[in-house]
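Good morning, colleagues. Today I should like to take you through one structure, with attention to its ligand site.

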Amino acid sequence: MTGTLVLVATPIGNLGDLSPRAVAELSGAALICCEDTRRTGKLLIHAGIRGVRMKRLDDHTERAGIAVVLDKLAAGQRVALVSDAGTPAISDPGERLVAAVVEAGYTVTTVPGPSAVVAALVASGLPTSRFVYEGFLARKGGDRMAALAQISQQSATSVMYESPNRLAATLRDLAAVCGGDRQAVVARELTKLHEEFVRGSLDELATWADGGVKGEIVLVIAGATPPAEADDETIVAAIQALMEAGMSRRDAIAKIASDLGVRRGRVYDLALTISGGVTPPS
Ligand code: SAM
């Protein structure tokens, strides 16, 4: 038998989301690595699974846990990895373990299932064809500013996790860099009794969050819309203005193409419509 590590997704709030295949993998594992043995123990009891050994593997113990897992895999055994909730290795321990197991040449597979990032995205109503997962935003400093700046420019939908206590501040920071009218969705308590999607502009959501928010939160932010290309009248007016200010047509064409982000050939063609002729672009 080939040693195999299985990443098993577990519910993010609704125990009904534990799949039959997840139960089968957890029942058959030689070892279940988990963040919190008490929490995973409760899940196992719910699923009627008894007698499977558990090992704590969190951010502090992941390095030491890797050696234990590799020993099991060397013996041809199957090891399961779960996190407290959702999919392991998504803002949860697992990334280093998976890399080490891949590096050592053992098999890695997964029982996919709940993950708050995907659940929030697909129900948000915002574009899903391209998205960027930001994890948790840095709380302060240059890393936070850099992440905010990147989100403001990002054309794909951004998805991030946030604590309820910091949500209002993060929405305000996002509104400052993205513009307060950028659309976003707060997905709260997904799959639970009080699941809620609050949709609106960043300004509206910041005002809503100022009232105090509880529960687990995913924030989904619409991508930046590219600025509309300048229309013909604007380009012609810009050529004329620059020429009246003494610039040669050739230089005016180059400057407008660069300043307005328009193809040089298009500016040249429009310049031809102005009486007096033009020098072809080089
Ligand atoms: N690995 C998990 C996953 O796949 O979703 C994420 C773990 S991360 C440590 C925990 C964060 O995920 C929470 O702070 C919250 O932002 C988000 N989250 C988890 N469950 C959620 C739920 N039911 N509703 C909304 N957000 C949730």
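**The ligand and its surroundings**

The shell around the ligand draws at least three residues from domain 1 (4-114) and at least three from domain 2 (117-221). Please bear in mind throughout that this is a predicted model.

Let me place those domains in context. The protein is divided into domain 1 (4-114), domain 2 (117-221) and domain 3 (232-271). Between domain 1 and domain 3, the C-alpha centres are 62 Å apart.

Where does the ligand sit? The ligand occupies the largest pocket. Around the ligand are 19 residues, and the closest are Ile-90, Ser-115, Ala-116, Tyr-161 and Ile-217. In terms of secondary structure, strand 7 (157-162) and strand 10 (217-221) each contribute at least two residues to this shell. As for its chemical character, the shell comprises 10 nonpolar, 4 polar and 5 charged residues.

I turn now to individual polar contacts. Two of them involve the protein backbone. A nitrogen atom of the ligand lies 2.9 Å from a backbone N or O atom of Ile-12. At Thr-87, a backbone N or O atom is 2.9 Å from an oxygen atom of the ligand. A side chain takes part as well: an N or O atom in the side chain of Glu-216 is 3.4 Å from a nitrogen atom of the ligand.

How much of the ligand's accessible area does the protein cover? On its own, the ligand has 570 Å² of accessible area, and the protein covers 89% of that.

Technical notes. Residues are numbered from 1 along each chain as its sequence is written. This is a predicted model: local features need pLDDT of at least 70, side-chain atom pairs count only at pLDDT 80 or more; totals for chains, interfaces and linings use all residues. Side-chain values use heavy atoms; hydrogens and water are left out. A residue is near a molecule or strand if one of its heavy atoms lies within 4 Å of it. A polar contact is a pair of N or O atoms within 3.5 Å; within protein, one must be able to donate a hydrogen and the other to accept it, and residues adjacent in sequence count only if both atoms are side-chain atoms. Accessible areas come from the Shrake-Rupley method with a 1.4 Å probe; for residues, only the protein chains shown count as cover. On a 1 Å grid over the protein atoms alone, a cavity is a set of points where a 1.4 Å probe fits but cannot get out, and a pocket is an open set with protein on both sides within 12 Å along at least five of seven lines; lining residues have an atom within 4 Å of a point. A molecule sits in a cavity or pocket if more than half of its atoms lie within 2 Å of its grid points. Helices (H or I, at least four residues) and strands (E, at least two) are DSSP runs, numbered from the N terminus. Ala, Val, Leu, Ile, Met, Phe, Trp, Tyr, Cys and Pro count as nonpolar, Asp, Glu, Lys and Arg as charged, and the others, Gly among them, as polar. Domain bounds come from an automatic or database domain assignment.
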